[in-house]
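Q: I'm new to this one and would like to learn how to read it. Can we go through it together?

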Amino acid sequence: MSAAVLAQVVPFERPPIDWHAVAPELILLGFGALLTLIDAVYLERGRKFTSALAGIGLLAALVPVVTLAIDGNDRYMFNDAYVVDNFALVMKAMFLLSGYVVVLLSTNYISEGDYWENEYYGMLISSVLGMIVMASARDLITIFVALELLSIPAYLMATWRKRDLKSNEAGLKYYLMGVFASAVMLYGMSLLYGVTGTTILADMGEVLNTGESTSVVSLAIVFVIAGFAFKVSAVPFHTWAPDTYEGAPTPVTAFLAVASKAAGFVALVQLVFVGFWGRGDVYEPLMWVLAAASMTVGNLVALRQTNMVRMMAYSGIASAGYIMAPLAVAGVSGDVADEALRAVVTYLVIYAAMNLGVFAVILGIARKTKSAEISSYAGLFQYAPGLTVVMTVFLMALAGIPPFGGWWAKFVVFRALVNADTTMGYSLAVIAAVNSVIALYYYLSVLRTMWADEAPDGDVTPIRIPASLVGALGLTALATMAFGVYPKLVDTVADVSLLVGAGG
Amino acid sequence: MMLNQFLLLAAALFCIGVYGVLTRRNGVLVLMSVELILNAVNINLVAFGAFQDNVMGDVFAVFVIAVAAAEVGVGLAMVLLMYRNRKSIDFTEVDMLKG
Amino acid sequence: MSLLTLAVEAVPEVSFTSEANWFLENVWIIPLLPALSFLGILFFGKRMPKGGAELGIAAIGAAFILAILTNVAWLDHRDNFDGVAESKLHGVVEDSHGEDHGDEDDHASAILNVDGVAEDVTLTALAEEGGEESHPAVAVLKQREWLVNGGVSFLVGTLLDGPSVIMLFVVTMISLLVHIYSTDYVSGDRRYTHYFAFLSLFSASMLFFVLSSSTLQLIAAWELVGVCSFALIGHWWEEKPNSDAALKAFLTNRVGDIGLLVGMIILFFSAGGTFDITTINEKVVAGEISQTAVTWAAISLTAAVMSKSGQFILHTWLPDAMAGPTPVSALIHAATMVVAGVFMIARLYPVFWQGYAISGSSINGLAIIGAVTVVFAGLLAFVQNDIKKVLAYSTVSQLGYMVMALGVGAWTAAIFHLFTHAFFKAGLFLGSGSVAHSVHSFDMKKDMGGMKEFMPTTYKTFIICSIALMGIFPTSGFWSKDEILVGTGGFGVGAEAANGSYHLMLVMGLVGAALTGAYMTRAIYLTFFGEFRGHGTPHESGPRITIPLIILSVFAIGAGFLNFPPGFLTGSAKEPSAWQERFGHFVEPAAAYFPAISHSVPSWGLAIVASVVGLVGPALAYFYYFVKVDGLAKETGEKLTGLPNGLTTTNGLARTGHQVLVNKYYLDWLYQGVIVAAVKGPIAKAAYWFNQNVLDEVVNTAGRSSVRAGQFVYKNIDQAVIDGAVNGSGQLSTNSGQGLRKVQTGKVQQYAAILFAGATILAGIFIVLV
Amino acid sequence: MEFLQEWGLTLAIFLPLVGVAVMMAFPKSDEATHKVIALATSLVVAAIGVLLLFDFDFDRADEMQWAVSHDWIDIIRTQYSIGIDGMSLPLLLLTMLITPLVIIYSWNHFPEPHNPKAFLMLILVLHAGMIGTFVARDLVLFFVFFEVVLLPMFFMIAVWGGEDRRYASLKFFLYTLFGSALMLVSFLALFFLAGGETFSITGLADAVVENGVSRNAQLWVFGGMLLGFGVKVPMFPFHTWLPDAHTQAPTQGSVILAAVLLKLGTYGFVRIAIPILPEAAVAWAPWIGLLAVIGIIYGALGCLAQTDMKRLIAFSSVAHMGYVMLGIATLTDWGINAAVFGMVAHGLITGMLFFVAGSVKERYHTLEIKRLGGLLVQAPRMGWILGFISMASLGLPGLAGFWGEFPAILAAYNPANGLPVGLFRVYMVIAALGTVLAAGYLLWLLQRTAMGEPSEEFANDPHITDTNREEWLAWSPLLVLILVFGLVPGLIFNVTDDAVDANLSDCLSAGDLDSSVKGSFDIGLCEREGIDEALAQLNVAIAGDEG
């Protein structure tokens with residue numbers, strides 16, 4: 001009987017694997033394993049070099065990415081389930097770099113807290129691994145796996161400070177919302193699979209393109225997008241973000257705010273540009289609603305925050321709105337779509353630089369004040385002018401004041417919206433414009449506190465900042481300024497297109 | 001013909017799961033509710049797979065099951081941690097962070 | 001062209017001139033001298049032994065000599081000119097422009113670059129370009145480019161003709177005398193050096209003014225003299241009244257300057273975009289400019305004259321200006337600056353000639369203003385106890401004569417009166433100064449009286465100058481005033497050739513003459529007769545004060561002989577002999593830029609009438625003061641101050657009149673109390689209130705502003721503004737932000753609910769819509 | 001020179017930033033080094049300015065010189081393109097002059113909280129921004145520099161300002177940012193309307209015509225710019241940030257603000273708004289003129305109501321910029337020449353006024369006019385300087401101020417074709433009236449601060465000393481220039497004239513109007529009688545002379 005069953009089984013032959021293409025993933029995998037091994041073997045004694053090792057790992061994984069980029073031609077594997085094209089490479093590089101910066105941020109923070117350290121980096125690396133897989137994932141299964149691979153370690157990292165109730169709560173909320181969202185998303189995916197009979201996005205795209213529109217499809221699309229909207233903390237799926245950001249260890253917050261948000265967007269654009277390409281009628285208005293809501297709610301609530309991290313959480317929600325905005329017009333035409341994609345990528349890259357920078361500063365200040373309350377930043381300019389100036393650069397960049405990076409990011413978004421020349425485009429542009437003024441206000445009031453007010457306890461002993469943090473600050477500040485002054489940098493990397501996959 | 005019944009079952013499971021997630025105060029029960037949703041998904045996948053006879057659905061289902069295991073593992077760890085720190089696994093009590 | 005040539009490029013030299021001699025060519029040196037001395041004194045004055053005075057005197061002295069030589073040269077030039085049968089001028093054009101000029105520049109600068117060294121060209125460009133026949137022009141014009149704007153180049157230069165030549169003489173001479181006088185008068189002053197510095201600056205500006213070849217230059221100099229007068233009136237600025245007077249003077253003049261600017265602008269454009277005086281005049285004469293434009297220009301310029309030359313209703317600053325040191329009053333507020341207005345009319349005479357249609361009319365704005373000023377100012381002089389105030393008002397009234405003369409077309413007479421008046425009025429001021437110097441006061445009633453014993457020289461000179469002022473034969477005043485009266489052509493006087501018959505002006509003129517005589521008699525009595533009412537024993541002033549007085553009084557007598565009316569002594573009214581109208585011949589421009597004004601023929605009758613009237617005033621006053629009051633004082637032994645004030649106390653009508661006069665027709669009250677106070681007070685406040693309340697509030701919600709604006713003082717408003725402006729659209733937004741926060745309860749399952757609700761609702765929407 | 005022609009302006013822009021970078025390397029404590037570095041940098045920049053002045057070809061003042069143009073951001077066709085012509089040269093040099101002077105002045109006058117490093121660094125950043133704005137020939141580039149200026153000024157006020165600094169600084173920032181947001185929007189709109197081909201100013205001017213941008217669109221875009229620049233100028237209804245900013249800012253801040261920053265707005269009008277959108281300019285001009293004259297009278301009245309010296313000066317800026325705007329509103333090259341001259345003059349004069357106000361504050365620790373007095377007694381030189389600049393500021397001929405005012409008034413008599421002549425003549429009279437008020441408040445200020453006896457409060461206060469060395473060093477150049485430009489206005493007019501004319505006649509070719517924005521006044525005059533005959537005669541005569 002069973003023999004008979006076995007007899008039916010077609011002999012399995014391994015699909016061809018392009019080792020060069022998967023080299024980054026493999027390297028990270030290796031380092032992750034290595035770290036876990038070290039942890040198992042050396043226990044405490046591993047502390048000394050794990051962070052360095054993690055850093056090296058991330059940079060090492062960058063090497064094949066670069067070589068791939070130089071080589072330049074797109075590679076497809078597992079009948080197009082796994083693609084390495086420019087877009088993928090750019091995003092991978094960004095993930096690896098921001099991961100590296102997070103390592104820099106973490107080094108002292110983690111080693112000074114009395115928690116296990118080695119797992120931390122193990123988690124970090126596997127989460128980044130998930131992200132770079134996500135960058136090339138072009139079918140539902142891979143996307144799902146990648147998503148979980150990057151999420152589950154993130155849950156744990158958020159809960160890192162075990163004995164701290166806030167950290168617990170942060171992790172718990174993040175986890176619960178996460179699994180719930182992904183469950184909903186999976187349901188949507190299952191429906192999609194049911195309708196199209198495939199999980200490969202490209203094929204799915206063709207089916208949806210030709211197939212008539214059924215309500216099931218709409219439902220499925222909404223559910224799937226909702227899942228990732230949760231990841232990028234777009235209103236109304238944002239609720240977890242502020243709490244988690246506030247409670248989680250700051251470096252982890254930075255990681256979530258930049259890397260995992262970016263990962264969410266990667267998935268989103270892949271779905272929109274490859275999978276749902278034909279169904280602009282559904283995802284465009286959906287994106288419009290999400291973007292508008294996120295920008296407005298995020299900024300308005302941010303106005304009333306007294307805690308810097310929490311404020312950043314809301315500002316992050318708002319920026320999620322900005323990044324989504326171009327997707328609301330993506331379906332108009334091929335060129336517009338390309339422009340929209342570039343806008344998204346540009347924004348992600350610049351946003352990574354300036355946001356990580358902000359968190360770096362927050363960490364630096366917290367080393368002295370042990371607090372992220374905005375009021376505790378008063379008079380910073382008197383005793384930490386350096387930090388103040390850098391923070392000014394970052395916040396102004398976020399507010400979009402030239403010549404700091406952010407203006408260019410906003411500019412491309414506006415351009416994408418205006419160029420589409422549709423009502424939705426213009427209306428979003430207006431909303432975005434209004435919002436950037438509101439945003440300016442809360443950024444400014446932070447600056448005002450730092451520059452103009454007196455230090456609360458008159459204590460003006462300068463802050464000592466460890467080398468790694470300085471490194472992080474330097475990197476991010478440099479990038480932010482460079483992007484702002486010479487946006488060409490971003491343009492070259494952001495010059496990508498996904499439509500080839502969807503055949504226009 | 002056959003398909004719809006599976007889908008309805010899955011939908012029912014899904015709804016029950018959601019209901020549980022939203023209403024159960026006990027952490028463990030919430031986790032179980034999540035499992036219900038995932039199983040609804042699995043049923044969908046397998047049903048569709050059989051219906052369109054390609055293996056992708058089954059593969060997907062397998063992945064879901066595997067991942068779900070990991071998820072629940074983490075989840076239970078968290079509930080445990082919560083119990084350790086505050087001697088309770090009532091999710092409604094967890095609201096230090098708000099606003 | 002590089003930077004180095006830029007400076008040069010800014011000043012290419014262009015000059016049109018008859019083969020005039022060196023002095024006429026280089027007259028620009030004259031203003032330059034005092035200008036240099038100004039800088040010299042400013043920077044090194046304090047280190048000089050005499051505190052810079054010597055430098056000033058040296059400079060102005062040199063200028064004076066040059067001025068005399070210039071006058072001589074001019075005399076010669078003027079006569080030769082008549083000799084030139086075919087009246088043409090030789091044009092020399094030095095062009096450092098090069099070809100490097102844009103097109104629009106070329107036709108513009110072509111106005112000047114009528115090149116060709118041996119080319120015969122008449123005085124002014126357009127006349128030449130137009131190729132039209134033009135009057136013989138005797139003036140010497142030298143110009144350089146000042147700036148290029150709108151592709152047109154503007155010139156700065158010297159226009160030397162009769163009026164400017166004579167003014168050179170007057171200004172430098174009086175200035176020199178005043179310098180010398182001052183070395184004694186203000187010796188030991190707290191700001192001795194600054195004083196002389198500003199004297200120099202003033203002389204420079206005034207000379208620059210009289211030589212101006214373009215209206216732009218005219219404006220510049222006009223303002224500059226104004227500033228000098230400001231600085232010198234406010235010389236003792238520690239005391240508020242002085243600085244007030246200075247401000248008043250400057251601001252009043254500024255009011256007039258609106259007229260000046262507007263007028264000049266109108267002329268600029270209607271003359272086709274040029275500031276060049278000769279061009280403007282010629283075009284007006286040639287009737288190339290619409291009557292309306294000219295009229296408006298004339299009217300606006302009249303405003304300027306009224307303020308600068310203290311014509312009635314804008315004259316009020318002049319008496320206050322007496323707050324300055326006396327020599328300054330003599331130089332600036334009697335002899336020179338205040339006649340700038342008159343001179344300006346004379347310069348742009350065609351404009352007024354046309355604008356007011358002077359020839360042929362029997363009344364016009366200019367004339368009436370002048371006439372009114374003559375009388376009203378004369379009356380005011382009666383009630384002054386401050387001797388300088390008396391002289392100030394008499395100055396106003398005399399300026400009235402000049403303006404009136406110009407108004408009735410007696411151009412030469414006006415200049416002539418300006419000329420003579422400069423001497424005797426300066427003499428009077430310096431005289432009063434000399435008296436005040438010894439009694440340390442200007443109050444005739446309190447601190448003077450019987451001065452003739454103490455200071456004989458001053459007394460004699462003062463008397464002479466007074467007689468000249470009263471216009472009694474044969475002093476200079478007589479001749480000039482008589483000419484003016486003739487010029488009015490009222491009641492057929494000088495009818496054959498009069499430019500119009502201004503009866504009213506004639507009458508007013510005569511009345512003015514009578515008044516002048518009367519108030520001067522009063523002043524003389526109060527100052528030099530009766531018994532001394534001051535303290536201490538006054539003594540005659542030193543030579544540095546008396547010598548100028550003597551010189552001036554000599555001129556006060558002699559200056560008039562320069563311009564015997566035709567038919568006097570020799571010759572007949574029809575063909576004047578060499579000595580007659582010498583002055584007129586000397587000053588009156590014979591050029592395309594001067595209107596064809598006809599010269600009235602003098603009449604013995606009027607001369608006699610005038611003299612009689614001129615004597616009646618003094619006679620009455622003499623009777624009242626020297627006989628009645630003096631006698632009263634003698635028998636009662638009372639000092640003058642204690643005496644009942646005759647008429648004004650007995651007769652009600654007279655009393656009110658007296659009141660009105662004492663209050664200067666309530667003009668000051670009107671200006672200070674009403675207008676200025678209003679602008680500085682309510683109006684400005686209102687504007688500021690508007691700023692703070694309305695505008696700022698508009699920045700925040702317009703609604704709240706209108707409600708609150710009223711009851712909020714400035715600070716509160718600012719507070720309000722903070723909320724408003726800062727939050728911008730924002731109170732609302734922060735509130736809504738607050739509201740939205742409520743959603744963030746912290747309960748994870750509610751979050752989940754929101755998430756799921758969001759998903760399903762959206763899904764529902766799209767299922768329905770799509 | 002070749003090197004400079006290629007790199008000079010770029011150096012001028014970025015050297016200050018290099019200076020900042022260098023200063024970062026030194027600890028806050030050794031102030032001497034910071035001062036030296038800052039001064040040196042600004043002087044080198046100034047030196048570049050001098051070389052530029054010598055290398056500048058004044059015959060081609062209407063062309064861009066030292067022009068450089070490289071691709072910057074291809075996808076929006078933005079270029080890094082900079083250059084100098086007769087119109088921007090004076091302003092550029094003014095900037096290059098003011099900054100070193102401010103640094104010299106600061107030498108021993110650093111405001112509290114004492115932190116020379118940061119202070120000087122901010123000044124240098126400002127410097128870079130200002131220079132960049134004046135040389136930019138590309139809208140995006142212009143915008144970027146225009147914004148760069150904001151932050152340093154914001155901090156200068158917020159950190160070193162007076163009592164109300166937090167309020168003033170934020171108000172300043174939000175106002176100007178609001179303005180420039182609108183400006184950016186109109187720039188983008190213009191870019192897309194004109195075919196999205198280029199951001200270069202000249203390029204857009206042509207593109208607007210080629211793409212036949214609708215009159216309506218032009219009006220809207222111009223309106224946006226009007227707001228953007230108008231706030232900066234500041235024009236009448238948008239001026240309320242100025243008094244607060246000036247009153248609160250430290251002396252150095254006020255000086256830079258008054259001397260250069262305000263000019264960015266007016267410069268924007270003459271360099272960008274009018275050349276690119278002549279038709280809209282004609283439509284808006286009457287309104288601009290109206291706001292301008294309102295500003296003149298209004299600012300003057302504001303001054304009369306002030307009790308604080310610095311605030312008074314601030315309001316006087318509103319009035320003076322009113323004249324500049326009036327000149328611009330006439331759209332004649334007379335008016336615009338006057339405007340440019342006015343900008344420079346106002347820069348020198350008001351800058352000086354603020355310097356003096358600062359020094360007075362330093363000595364008397366108050367600027368309340370009624371408490372001051374007798375400055376001439378206690379510090380005679382400073383008193384005379386105050387008198388001198390008051391005279392200059394009230395537009396006395398022979399000093400710089402006059403040449404900003406009079407030609408503007410004059411131009412208003414006869415605005416460009418297509419503008420309501422009668423209306424502008426009314427403006428002219430009102431503006432002339434403004435000169436009286438100007439004299440009023442300035443002399444009034446002079447009388448109550450400088451004249452009279454010192455109030456017993458300060459009568460024998462040892463701190464009240466006469467002008468000191470740094471002050472002389474910092475002031476004398478300004479004083480000299482005020483006089484020189486007053487006597488030889490050609491130095492500026494002759495430079496700007498061609499450039500302005502070129503810009504306006506560009507409008508002609510670009511605007512494709514019914515001969516509307518005819519630039520130079522003599523053509524504008526053609527409506528009125530007189531000139532054309534005159535010109536005809538001229539040509540005849542010239543021909544005659546040649547023949």
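**Reading the chains, one feature at a time**

A: Let's start with a count: chain D has 22 helices and two strands. Keep in mind throughout that this is a predicted model.

Q: How does the radius of gyration of chain D compare with what the globule rule gives for 547 residues?

A: The idea is to set the computed value beside the one from the rule. For chain D the radius of gyration is 23 Å and the rule gives 24 Å, which is close, so chain D is as compact as a globular protein of that length. If you like to picture a box, the C-alpha atoms of chain D fill one of roughly 75 × 50 × 50 Å along the principal axes.

Q: What does chain B look like in terms of helices and strands?

A: Chain B comes to three helices and zero strands. Read from the N terminus, its elements go α-α-α. Here the radius of gyration is 17 Å, well over the 13 Å that the globule rule gives for 99 residues, so chain B is more spread out than a compact globule. The C-alpha trace of chain B spans about 50 × 25 × 25 Å along its principal axes.

Q: How many residues of chain B are in contact with chain A?

A: To read an interface, count both sides, then ask which elements supply the residues. In this case 32 residues of chain B are in contact with 34 residues of chain A. On the chain B side, α1 (2–23), α2 (27–51) and α3 (56–86) each supply at least two residues. The largest share, 16 residues, comes from α3(B). By class, that side of chain B divides into 24 nonpolar, six polar and two charged residues.

Q: Into which domains is chain C divided?

A: The division is into domain 1 (1–190 + 199–213), domain 2 (218–352), domain 3 (356–651) and domain 4 (697–769). You can read a contact between domains just as you would one between chains. Domain 2 of chain C puts 32 residues into its contact with domain 3 of chain C, which puts in 37 residues.

Q: Which element gives the most to the side of domain 2 of chain C that touches domain 3 of chain C?

A: That's α14(C), with seven residues. Several elements supply at least two residues each to this side of domain 2, including α11 (277–285), α12 (291–308) and α16 (349–355) of chain C. This side has 21 nonpolar, ten polar and one charged residue.

Q: At what angle do helix α8 and helix α9 of chain C cross?

A: For a helix pair, look at the distance, the angle and the handedness. The axes of α8 (residues 192–211) and α9 (residues 215–233) of chain C come within 8 Å and cross at roughly 155°. An angle over 145 degrees counts as roughly antiparallel, so α8(C) and α9(C) are roughly antiparallel to each other. Their crossing is left-handed. Among the residues that meet are Phe198(C) and Leu201(C) in α8(C), and Trp222(C) and Val225(C) in α9(C). The contact of α8(C) with α9(C) has 14 nonpolar, one polar and no charged residues.

Q: How far apart are the axes of α17 and α18 of chain D?

A: They are 7 Å apart, with α17 (residues 400–413) and α18 (residues 421–449) of chain D packed at an angle of about 155°. That makes α17(D) roughly antiparallel to α18(D). The crossing of α17(D) and α18(D) is left-handed. The contact includes Glu405(D) and Tyr413(D) of α17(D), and Arg425(D) and Met428(D) of α18(D). By class, the contact of α17(D) with α18(D) has eight nonpolar, one polar and two charged residues.

Key
Residues are numbered from 1 along each chain as its sequence is written. Chains are lettered from A and ligands numbered from 1 in the order in which they are written. This is a predicted model: local features need pLDDT of at least 70, side-chain atom pairs count only at pLDDT 80 or more; totals for chains, interfaces and linings use all residues. Two residues are in contact if their C-beta atoms, placed from the backbone, lie within 7 Å. Helices (H or I, at least four residues) and strands (E, at least two) are DSSP runs, numbered from the N terminus. Ala, Val, Leu, Ile, Met, Phe, Trp, Tyr, Cys and Pro count as nonpolar, Asp, Glu, Lys and Arg as charged, and the others, Gly among them, as polar. Domain bounds come from an automatic or database domain assignment. Axes are lines fitted to C-alpha atoms, for helices over the stretch in contact, and angles run from 0 to 180 degrees between N-to-C directions. Angles under 35 degrees count as roughly parallel, over 145 as roughly antiparallel, 65 to 115 as roughly perpendicular and the rest as oblique. A crossing is left-handed if the near helix is turned anticlockwise from the far one by less than a right angle, and right-handed if clockwise. The radius of gyration is taken over C-alpha atoms; the globule rule is 2.2 Å times the number of residues to the power 0.38.
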